[in-house]
Amino acid sequence: MINKITSCDLQPPLFSDNFIKFMTLSSDWDNEPYVELYLVQKVLNLVVPLDSYSSKWIPQFKIKIPHKKSSDKVDYFIEDSSKNIKFLVEVKTAKTRINNATARQQLDKYLRYSGVRFGILIDPFLVEIYHFKKGQTKLKSQFDIKDITDIKSIAEFIKTFFLESIKMRSIAIHNSKGGVGKTTLAINIAYELSKRGNKVLVVDLDDQANASLTIGVNKAKEINNASTPEEHKKIYKFLDERLEVINFIKFVNKAGEIEDYRNCIVSSKSIENLFGVDVLPASHKTTENELPSGPTVLRYLDMGLIKFVEDYQYVIFDTAPGSNALTWCGFYAAQYLVIPSQMEYLSVYGIRHVIRNAEEVQKDSNGQRSNILGIVPMMVDGKNLNKTVEEFVRDSFPDIPILPAIKRATGVGKASHENIPMSQFAEKDKESPKTSKEVAESLKTLTTRLVEKIEEFECKNG
């Protein structure tokens, strides 16, 4: 909890008679604690409320600067876990001002060595928002303070031109039972989101690496065409040496540089990727035995992904069936959870297990992670059994929405084998064009519904 300066420490703010008109401030505003109490803390509390479960304020946040014996301190470190955003705040006074090179160089140093990508400079006259990216600190936006008593307008500027302009939504696709179409759902939702102009990252947390293979980052074509032991050895050598999701998590443990993390991600521009998404891939190395040890390891993936909050609008996790440690990493990194399930009696028990795990994470994260968007009926074929079980699911989990269903179709497997999204496959399918188009339309409808559910959740919870 932040130790706030109280009104007992300083007299109430005093403005000169012509303050509002001429922006002339009393000498009290030359005092940094005064500026913090009557301006900065009030603004920040409207932006990231201190009493919110999702917020964290750390005043006098220490930053280790190379070649210095002691750490430097920035005035505030602020985190809003509901929006996956961390930022630094450096305060100046009416006398010291931020409108000079020294203040900006100071913030550049803090961002450069803290691992935090966003920073705010604020004094009684001006607010500047900065973004540290690719080794450079650049001005994102600024706001001239015309009336220092108008706290709401200052806070609204920061919300509109900073917090609301940066929004990374993360969705895990999970069922404890295998073979329910989990990967099909994950990669096609990612494609549909990408097609709508979003920058999307797919995180593969399954050692079977089906998402990585289908999207094309695990040498799927080479694997299909390999005919000699030497060709297979070459592929496995590549996978052994490549950086992937396990390395990404390990870099958090080692406090890696941003480029270390970035090198683990395969860009859609670097491969023939018809899905238009970036991938944090998996392979045979993606096992819980490879995870670093420690009580907070389940949060490492989330901690690493927050560094890319401005790079992606959506992150989609394809998790392994069951509940190993890597699956839990996905639960702790995902704001939202989608549960695909076949409408068969045994699947109901799998759903129950997933819900129980999600509720544990929700409780542990104060409602910021693994919020369930709904259950997706998979591979439905219109039989009475499917309909009966779906009604059973509705009765068993009345508070969880049943989302648009995905029909059983041979085209789904063929699209996966050809490494293309279902929507693209449906356009060329000549064997069962009607069914393939129905599945493609269902995936589009489902994606729309998921976005709507997320927006409803955000409107309700802030």
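Buried here means under 20% relative accessible area, and that cut-off helps with the views below, which come from a predicted model.

**View 1. Strand β10, covered on both faces.**
Start with strand β10, residues 314-319. How many of its residues are buried? The count is 6 of the 6, so the strand is largely enclosed by the rest of the structure. Look at one side and you'll find Tyr314, Ile316 and Asp318, while the other side carries Val315, Phe317 and Thr319; all are buried.

**View 2. The partners of β10, strands β7 and β8.**
Now bring in the strands that pair with β10. Strand β7 (residues 169-173) pairs with β10 in the parallel sense, over 5 bridges. To find your way along this pairing, pick out Ser170, whose bridge partner in β10 is Val315. Strand β8 (residues 200-205) also runs parallel to β10, and 6 bridges join the two. Here a handy pair to spot is Val203 with its bridge partner in β10, Phe317.

**View 3. Strand β2, paired with β1 and β3.**
This view moves to strand β2, which covers residues 72-80. Of its 9 residues, 8 are buried, so β2 is largely enclosed by the rest of the structure. Which way do β1 and β2 run, parallel or antiparallel? They run antiparallel, and 8 bridges join β2 to β1 (residues 55-63). Lys56 stands opposite Glu79 of β2. Strand β3 (residues 85-91) pairs with β2 in the antiparallel sense too, this time over 5 bridges. On that side, Phe77 stands opposite Leu88 in β3.

**View 4. The hairpin of β2 and β3, and on to β4.**
Zoom in on the hairpin and you'll see 4 residues between the two strands. Asn84 is the residue to look for, as it takes a positive phi near 60°. Asp80 has Ile85 as its bridge partner in β3. Strand β3 itself is mostly covered, with 6 of its 7 residues buried. It also pairs with strand β4 (residues 118-122): the two run parallel and are joined by 4 bridges. Glu90 has its bridge partner in β4, namely Leu121.

**View 5. Helix α13 and what it packs against.**
Helix α13 takes in residues 345-364. How does its span compare with what its 20 residues should give? At 1.5 Å a residue the helix should span 28 Å, and its end C-alpha atoms are 30 Å apart, which agrees. Its buried residues include Val348, Ile351, Val354, Ile355 and Val361, along with Ser347 and Asn357. The buried residues of α13 pack against two helices, α12 (325-333) and α14 (384-396), and two strands, β11 (336-342) and β12 (371-380). Just past the end of α13, check Asn366, which takes a positive phi of about 55°.

**View 6. A nonpolar patch on the surface.**
Three residues, Tyr345, Leu385 and Phe392, make a nonpolar surface patch of about 280 Å². Leu385 belongs to helix α14. With a relative accessible area of 44%, Leu385 is partly exposed.

**View 7. Gln136 and Lys233, 41 Å apart.**
Gln136 lies in strand β6, residues 136-144. Is Gln136 buried or partly exposed? Its relative accessible area is 45%, so Gln136 is partly exposed. Lys233 sits 97 residues from Gln136 along the chain, and the C-alpha atoms of the two are separated by 41 Å.

Methods: Residues are numbered from 1 along each chain as its sequence is written. This is a predicted model: local features need pLDDT of at least 70, side-chain atom pairs count only at pLDDT 80 or more; totals for chains, interfaces and linings use all residues. Side-chain values use heavy atoms; hydrogens and water are left out. The expected span of a helix is 1.5 Å times one less than its number of residues. Buried means under 20% relative accessible area, exposed over 50%, partly exposed in between (1.4 Å probe, protein chains only). Contact means heavy atoms within 4.5 Å. Patches are made of residues with over 30% relative accessible area and no salt bridge: like charges are joined within 9 Å, nonpolar side chains (Val, Leu, Ile, Met, Phe, Trp, Tyr) within 5 Å. Accessible areas come from the Shrake-Rupley method with a 1.4 Å probe; for residues, only the protein chains shown count as cover. A salt bridge is a side-chain nitrogen of Lys or Arg within 4 Å of a carboxyl oxygen of Asp or Glu. Two strands pair if DSSP finds at least two bridges between them.
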